[in-house]
Amino acid sequence: MSTQLVDFDDAVARYDPVLGIEVHVELGTATKMFDAAPVTFGAEPNTQVTPVSLGLPGALPSLNQTAVEYAVKIGLALNCTIARTCRFARKNYFYPDLPKNFQTSQYDEPIAYDGWLDVELADGEVVRVEIERAHMEEDAGKNTHVGGHDGRLQGAEYSLVDYNRAGIPLVEIVTRPILGTGARAPEVAAAYVRTLRDIFRTLGVSEARMERGNVRADVNVSLRPSPQAPLGTRTETKNVNSFRSVERSVRYEVARQAAVLDGGGRVVQETRHFHEGDGSTSPGRVKSDAEDYRYFPEPDLVPLAPDPAWVEEVRATLPELPAARRRRLVTEWGFADAEMRDVVNAGALDLIEATTAAGATPAAARKWWMGELSRVGAQTETALEDLPITPAQVAALQALVDSGRVNDKLARQVLEGVLAGEGDPEAVVAARGLEVVSDDGPLLTAIDAALAAQPDIADKIRSGNLGPIGAVIGAVMKATRGQADAGRVRELVLERVNG
């Protein structure tokens with residue numbers, strides 16, 4: 001049976017959407033949260049484990065100090081208060097991929113709380129998102145369902161469990177209800193997750209690769225008839241792992257819930273699965289409230305009391321955060337705000353900064369990354385950072401242009417060679433013979449041939465009509481395979497005609 005949907009624009013015209021987002025980030029520590037098992041992506045299943053990872057009887061946890069430091073960094077970057085004392089708890093329900101049958105997490109005493117994050121949208125509007133808490137916990141293992149549709153449990157013949165991920169350190173960041181976003185709710189949700197991802201990378205606490213599951217978002221959506229009405233019943237779409245999917249999941253849930261309410265129905269508080277193929281969601285399980293998890297303090301771990309002096313030492317080590325960095329670079333580079341937003345949205349900021357550091361001007365670096373390289377990336381469906389060219393190579397290419405050794409047309413051919421794996425720009429110029437012809441002799445020969453082919457052009461030029469000079473320059477460029485300096489050709493044509 002197909003799900004009824006209301007047009008999104010119609011839905012947000014009649015209902016007020018409210019968001020709540022829980023983001024899990026895997027910390028980039030060498031070992032797990034509570035044991036010495038290594039954290040290695042892509043290892044053979046069930047090889048990165050210890051008795052603690054496997055929940056064997058008598059195995060006792062020991063807290064990872066680096067994970068605590070990373071959690072404090074995240075809390076500080078999100079303008080949170082760092083707790084003077086906090087503790088871990090057992091969150092109880094059946095986990096097929098956590099063999100001890102509970103998750104070691106934090107409940108009523110998180111390590112960081114009461115923060116906020118300003119999120120900038122594509123047009124420059126800033127939305128402040130209130131952070132309720134950021135707490136530490138461990139990840140679960142990974143289930144693989146064999147024989148079902150799209151890797152789902154439904155219809156599977158059997159399931160396999162890999163415990164390599166079980167126990168990897170996580171920080172979960174929970175927002176307060178995000179109000180007043182209206183029709184921009186999907187955009188706000190995606191921009192918030194993107195902003196967090198950038199902060200994680202800047203802090204160096206995680207690779208934050210969403211395609212690997214390093215960052216996952218649980219997206220809560222509810223509708224109410226007006227901003228003055230009580231909050232509606234929420235659904236939680238679990239483990240959404242791309243910005244586009246976050247946006248699509250919000251759009252779908254708004255349209256679906258509006259249809260339920262329009263029909264006089266009741267939205268069920270439940271978890272939902274997101275489907276990449278069509279952007280839809282489907283029911284998971286009825287969503288539990290906190291009391292259903294039977295939290296109680298973890299008896300095998302002592303309370304944690306971060307020393308305030310140490311917290312301030314950690315604060316002093318924080319790098320320049322993305323928003324402050326963008327403000328600084330806008331001033332240093334002389335970009336307009338809209339230009340900088342385009343750069344950020346394209347994922348080109350780091351690349352342009354590195355290209356500038358390698359010797360190019362900011363304007364030239366922006367020209368290459370936002371122009372020709374963005375075009376290549378779009379054609380090949382490749383992210384800019386994954387193109388087979390480095391910022392240093394782009395700077396070297398621009399140096400060839402600045403020195404006059406290649407013109408813009410030849411530079412694009414050089415770029416093509418670099419992307420094809422033919423070497424650095426210098427090597428491509430040499431191998432393909434792309435350097436601008438700087439000797440006047442061959443240029444004069446080509447000019448004489450062009451004038452001889454069109455005798456009337458010389459008379460027109462002598463009479464002051466310089467329009468036809470373009471035809472001569474074009475003929476010379478063709479004769480030299482585009483390797484002539486058009487400006488120098490123009491000078492030589494005038495000298496030849498008027499000499």
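In the predicted model, the largest nonpolar core comprises 71 residues, and those with the most contacts inside this core are Ile-74, Ile-173, Tyr-192 and Phe-200. Helix H3 is the greatest contributor to the core, supplying 11 residues. A second core, separate from the former, contains 32 residues, including Val-343, Leu-349, Leu-384 and Val-428. In soluble globular proteins, nonpolar side chains tend to be buried together.

The surroundings of Ile-173 illustrate the packing within the largest core. When neighbours within four places in sequence are set aside, Ile-173 contacts Ile-21, Glu-22, Val-23, Ile-74, Leu-78, Ile-131, Arg-133, Ala-134, Tyr-192, Leu-196 and Phe-200. Among these partners, Ile-74, Tyr-192 and Phe-200 are also listed, together with Ile-173, as the core residues with the most contacts.

At the level of the whole protein, 16 helices and 14 strands are assigned. Of the 499 residues, 45% are buried. Among contacts with a separation of 6 or more, 68% are accounted for by residues 24 or more positions apart. The accessible surface amounts to about 23,700 Å², and carbon and sulfur atoms make up 51% of this area.

The second largest pocket encloses about 900 Å³ of space. Its lining consists of 29 residues, of which Arg-197, Arg-201, Phe-243, Gly-347 and Glu-385 are the closest to the centre. At least two lining residues are supplied by each of H3, helix H4 (243-262), helix H6 (322-333), helix H7 (337-345) and helix H8 (349-357). The largest share of the lining comes from H3, with five residues. Helix H3 is thus the element that gives the most to the largest nonpolar core and also the most to the lining of the second largest pocket.

The segment that follows H3 was examined at Asn-214. This residue is located in the loop between helix H3 (185-203) and strand E10 (215-224). Asn-214 is classed as buried because its relative accessibility is 9%, under the 20% cut-off. A polar contact of 3.1 Å links the side chain of Asn-214 to the backbone nitrogen of Arg-209. With residues up to four places away in sequence excluded, the residues touched by Asn-214 are His-24, Val-25, Glu-26, Ser-206, Glu-207, Ala-208 and Arg-209. Arg-209 therefore appears both among the residues in contact with Asn-214 and as the partner of its side chain at 3.1 Å.

How values were computed
Residues numbered from 1 in each chain as written. Predicted model: local features only at pLDDT ≥ 70, side-chain atom pairs only at ≥ 80, totals over all residues. Heavy atoms only, no water. Helix = DSSP H or I, 4+ residues; strand = E, 2+ residues; numbered from the N terminus. Buried < 20%, exposed > 50% of the residue type's maximum accessible area, 1.4 Å probe, protein only. Polar contact = N/O pair within 3.5 Å; in protein donor to acceptor, adjacent residues only side chain to side chain. Contact = heavy atoms within 4.5 Å. Areas by Shrake-Rupley, 256 points an atom, 1.4 Å probe, with all protein chains shown as cover. Core = buried A, V, L, I, M, F, W, Y, C linked by side-chain atoms within 4.5 Å. 1 Å grid on protein atoms, 1.4 Å probe; cavity = no way out; pocket = protein on both sides within 12 Å on 5 of 7 lines; lining within 4 Å. Points joined across faces, edges and corners; volume = space filled by probe spheres on them.
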